[in-house]
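Got your viewer open? Let's take a short walk through this model, one selection at a time.

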Amino acid sequence: MIKKEEIRNLLEKEKQKVTQQLRTLKESDPFEDPTHVTDNASVDTDVREQEAHQRIEAEMDALRKKFKDIDIALKRVEKGSYDTCNRCNKTIPAKRLELIPETIHCVSCEEDLVR
Ligand SMILES: [Zn+2]
């Protein structure tokens, strides 16, 4: 069984990583460039910037979702229910929690939910 302190550490580390990734993505977004509006770029450049912006937005959405999942998982750590599947109440194997600390489902439930 994975210890409360261990899973909390894993989640805090993951949270820092996601925060850093979000910051890096935001900085690479051409729309965040203050000169963007006034740069009179050619249509070509605008299209490229638009595409980059959309890709970055999608990546940021996924990261924000992960951030939320981590917060939910941290609350479960506080309640002591972090290794109990949210769906079937079975124990989530320690190996799975070490790999994906923000998970709230066992493998079979996760597979059911994806389907
Ligand atoms: Zn389950």
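Before we start, a bit of vocabulary: a pocket here is an open set of grid points with protein on both sides within 12 Å along at least five of seven lines, and its lining residues have an atom within 4 Å of a point. Keep in mind that you're looking at a predicted model.

**Stop 1: the pocket.** Which residues line the largest pocket? Select Lys 65, Lys 66, Asp 69, Ile 72, Ile 100, Glu 102, Thr 103, Ile 104, His 105, Glu 110 and Leu 113. The space they line has a volume of about 220 Å³. Now colour by element: H2 and helix H4 (107–114) are the ones that give two or more residues to this lining. The largest share, 4 residues, comes from H2. Try colouring by class too, and you'll find 4 nonpolar, 2 polar and 5 charged residues in the lining.

**Stop 2: a pair of helices.** Stay with H2 (residues 43–79) and add helix H1 (residues 4–28); their axes come within 9 Å and cross at roughly 160°. Angles over 145 degrees count as roughly antiparallel, so H1 is roughly antiparallel to H2. The crossing of the two, H1 and H2, is left-handed. Their contact has 13 nonpolar, 3 polar and 11 charged residues.

**Stop 3: a salt bridge.** Zoom in on H1 and pick Glu 14 and Lys 17, which sit 3 residues apart in that helix, about one turn. How far apart are the closest N and O atoms of their salt bridge? For Glu 14 and Lys 17, that distance is 3.8 Å. If you'd like to hunt for others, the structure holds 12 salt bridges.

Methods: Residues are numbered from 1 along each chain as its sequence is written. This is a predicted model: local features need pLDDT of at least 70, side-chain atom pairs count only at pLDDT 80 or more; totals for chains, interfaces and linings use all residues. Side-chain values use heavy atoms; hydrogens and water are left out. Axes are lines fitted to C-alpha atoms, for helices over the stretch in contact, and angles run from 0 to 180 degrees between N-to-C directions. Angles under 35 degrees count as roughly parallel, over 145 as roughly antiparallel, 65 to 115 as roughly perpendicular and the rest as oblique. A crossing is left-handed if the near helix is turned anticlockwise from the far one by less than a right angle, and right-handed if clockwise. Ala, Val, Leu, Ile, Met, Phe, Trp, Tyr, Cys and Pro count as nonpolar, Asp, Glu, Lys and Arg as charged, and the others, Gly among them, as polar. On a 1 Å grid over the protein atoms alone, a cavity is a set of points where a 1.4 Å probe fits but cannot get out, and a pocket is an open set with protein on both sides within 12 Å along at least five of seven lines; lining residues have an atom within 4 Å of a point. Grid points are joined across faces, edges and corners, and a volume is the space filled by probe spheres set on the points. A salt bridge is a side-chain nitrogen of Lys or Arg within 4 Å of a carboxyl oxygen of Asp or Glu.
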